[in-house]
Amino acid sequence: MKKIFLILILSMSCSINKKNIMPINSLSFHTEYNQFYIKDKKCTANTNSSKFWTDKAFSERLALEYGIIGIRTQSYGNIKGEIIILDRSTNILENGLFNHIVEGGIDINSGELQILNCPDNQIQLELKVIPGKYRVRIYSSNLSSVKETDLAHDTDNDYYRIEIWPSEEMETRVLKQYLE
């Protein structure tokens, strides 16, 4: 009986790995200036560059530079969300659940992806990945819960789901635009 149970457990774990179900990492941290970053650990790009937060990037809620992505948030303060590394795109957009959906590309050549707050650039999360190019999709929800975008409030309830998977596609694409 123990042998059958062990075989059943092993076969279940193998089937889970075949589906490449990855753990979801929760995000909960303080940031300012309505932004935070996803970056390659060895990236030295300047997020203060005039090429980073352009008017277009601000509207799309995503700034791109080699090895770093800036995510524009609605709240100025506490950020809540989740990040998941996938083996491929989910192709499940669930538009009705989110106010804004945008995606872009990032090179993670070091094999270490970091989530940083702003302006301190303190590491909030660090994940190991296979070095290479990745597609990042950011789903933003509850944006209308933020009453003042330049002050932190406990009632701010915006939320950010981030999905990352290997891809050669680097261009920004807005899949659903939030209109303020």
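**Chatting through a predicted model**

Student: Which residues lie nearest the centre of the largest pocket?

Tutor: Those are Tyr37, Asn46, Thr47, Asn48 and Asn121, from a lining of 15 residues. A pocket here is an open set of points on a 1 Å grid over the protein atoms alone, where a 1.4 Å probe fits and protein lies on both sides within 12 Å along at least five of seven lines; lining residues have an atom within 4 Å of a point.

Student: Anything I should know about the model itself?

Tutor: It's a predicted model, so local features need pLDDT of at least 70 and side-chain atom pairs count only at pLDDT 80 or more, while totals for chains, interfaces and linings use all residues. Residues are numbered from 1 along each chain as its sequence is written, and side-chain values use heavy atoms, leaving out hydrogens and water.

Student: Back to the pocket: how much space lies in it?

Tutor: About 190 Å³. That volume is the space filled by probe spheres set on the grid points, which are joined across faces, edges and corners.

Student: And which strand gives the most to the lining?

Tutor: Strand β2, residues 35-40, with three residues. Strands (E, at least two residues) and helices (H or I, at least four) are DSSP runs numbered from the N terminus.

Student: What does the lining have by class?

Tutor: Eight nonpolar, six polar and one charged residues. Nonpolar covers Ala, Val, Leu, Ile, Met, Phe, Trp, Tyr, Cys and Pro; charged covers Asp, Glu, Lys and Arg; the others, Gly among them, are polar.

Student: Zooming out, how many helices and strands are in the chain?

Tutor: Two helices and eleven strands. From the N terminus on, the order is α-β-β-α-β-β-β-β-β-β-β-β-β.

Student: What share of the residues count as buried?

Tutor: 44% of the 180 residues. Buried means under 20% relative accessible area, exposed means over 50%, and partly exposed is in between (1.4 Å probe, protein chains only).

Student: Ok, now the largest nonpolar core. Which residues have the most contacts inside it?

Tutor: Ile38, Ile83, Ile115 and Ile162, in a core of 26 residues. A nonpolar core is a set of buried Ala, Val, Leu, Ile, Met, Phe, Trp, Tyr and Cys residues joined through side-chain atoms within 4.5 Å. Apart from that one lies another core of eight residues, among them Tyr37, Ala57, Ala63 and Ile68.

Student: What is Ile38 in contact with?

Tutor: Leaving aside neighbours within four places in sequence, its partners include Gly67, Ile71, Leu113, Gln114 and Ile162. Contact means heavy atoms within 4.5 Å.

Student: You mentioned Gln114. Where does Gln114 lie?

Tutor: In strand β7. Gln114 counts as buried because its relative accessibility is 4%. Beyond neighbours within four places in sequence, Gln114 is in contact with Tyr37, Ile38, Lys39, Lys41, Ile123, Leu125 and Glu126. Gln114 and Lys42 are 72 residues apart in sequence and 9.8 Å apart in space, C-alpha to C-alpha.

Student: What about Gly81, which strand is that in?

Tutor: Strand β5, residues 78-85. Gly81 is buried too, at 4% relative accessibility. Not counting residues up to four places away in sequence, Gly81 touches Asn25, Ser26, Leu27, Tyr159 and Tyr160.

Student: Any odd backbone spots?

Tutor: Some background helps. Most residues other than glycine have a negative phi, and most peptide bonds are trans.

Student: So which peptide bond is cis?

Tutor: The bond from Cys118 to Pro119, with omega near 0°. Pro119 is in the loop between β7 (112-116) and β8 (123-128).

Student: And where is Tyr33?

Tutor: Tyr33 sits in the loop between β1 (24-30) and β2. Tyr33 has a positive phi of about 60° although it is not a glycine.

Student: Is Arg61 buried or exposed?

Tutor: Arg61 is buried, with a relative accessible area of 2%, whereas Tyr33 is partly exposed at 47%. Arg61 also has a positive phi, near 65°, and lies in the loop between α2 (55-60) and β3 (62-65).

Student: Last one: which strand holds Tyr139?

Tutor: Strand β9, residues 132-141. At 1% relative accessibility, Tyr139 is buried.
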